[in-house]
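Visitor: Could you take me through one part of this structure in some detail? I'd like to hear about the largest pocket and what lines it.

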Amino acid sequence: MPVYPREELEEMVERWLQANRDAEKEGNWPKHLGPMYTDDAEYRWNIGPNEEFVARSRKEIEEWALGVQMEGFEEWRYPYHRILIDEKIGEVIGLWTQVSPALRDDGTHYQVEGIGGSWFRYGGNYQWEWQRDFFDLGNVKALFFELAADGKLDPAVKRKIGKLAKGQLLPGHERLRKPPSFGKKLKGFLAMVRIALFNR
């Protein structure tokens, strides 16, 4: 692992945060964040026990992670509230919140509860070579249910949810292993019902 000057990593973080602010302002994520990755960068996040999003080049990051995945989220904000830098191994962790532009009846923004963040590996030349996001998937789903119930879920997000519900994978989505059979799912469901009702 190369050692990078602390000042260079701090400058990288500042450039990244500014690019995020510019992307939020314009609603254009590929334009502002795309140049922040090396040509062979990898960007991934988990989507449950058997699904992973993976983009394996700057081109795929721009088209899939910052393009398709951000459709319907152009006006969302992702404010960072803590940055941790390890200059010895060139890695950074940023903790952020996902905030919807939609407002509840009490005037507050819908936002994903729990913790969200990104783990980066610096590749030099003020670009990331690797990134992995993490977030509370249960809270994301709960918020989407709430937005849908209140009629405030973006149409583009509805279309993507519809595809996923039919078993269609979006660009970059990969299965981690063979999906469990219907019988296995039913067995697990009945086991949880038994536990809930009879504690056994």
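Guide: Here is a walk around that pocket. This is a predicted model, where local features need pLDDT of at least 70, side-chain atom pairs count only at pLDDT 80 or more, and totals for chains, interfaces and linings use all residues. Residues are numbered from 1 along each chain as its sequence is written, and side-chain values use heavy atoms, with hydrogens and water left out.

A pocket here is an open set of points on a 1 Å grid over the protein atoms alone, where a 1.4 Å probe fits, with protein on both sides within 12 Å along at least five of seven lines; lining residues have an atom within 4 Å of a point. The largest one holds about 1,200 Å³ of space, the volume being what probe spheres set on the points fill, with points joined across faces, edges and corners.

Its lining runs to 42 residues, with Ile47, Gln69, Phe135, Val140 and Phe144 nearest the centre. Elements giving two or more residues to that lining include helix H1 (6-26), strand E1 (37-46) and helix H4 (137-149); helices (H or I, at least four residues) and strands (E, at least two) are DSSP runs, numbered from the N terminus. H4 gives the most, six residues.

As for chemistry, the lining splits into 29 nonpolar, eight polar and five charged residues. Ala, Val, Leu, Ile, Met, Phe, Trp, Tyr, Cys and Pro count as nonpolar, Asp, Glu, Lys and Arg as charged, and the others, Gly among them, as polar.

The second largest pocket has a volume of about 200 Å³, and Ile47 is one of its lining residues too.
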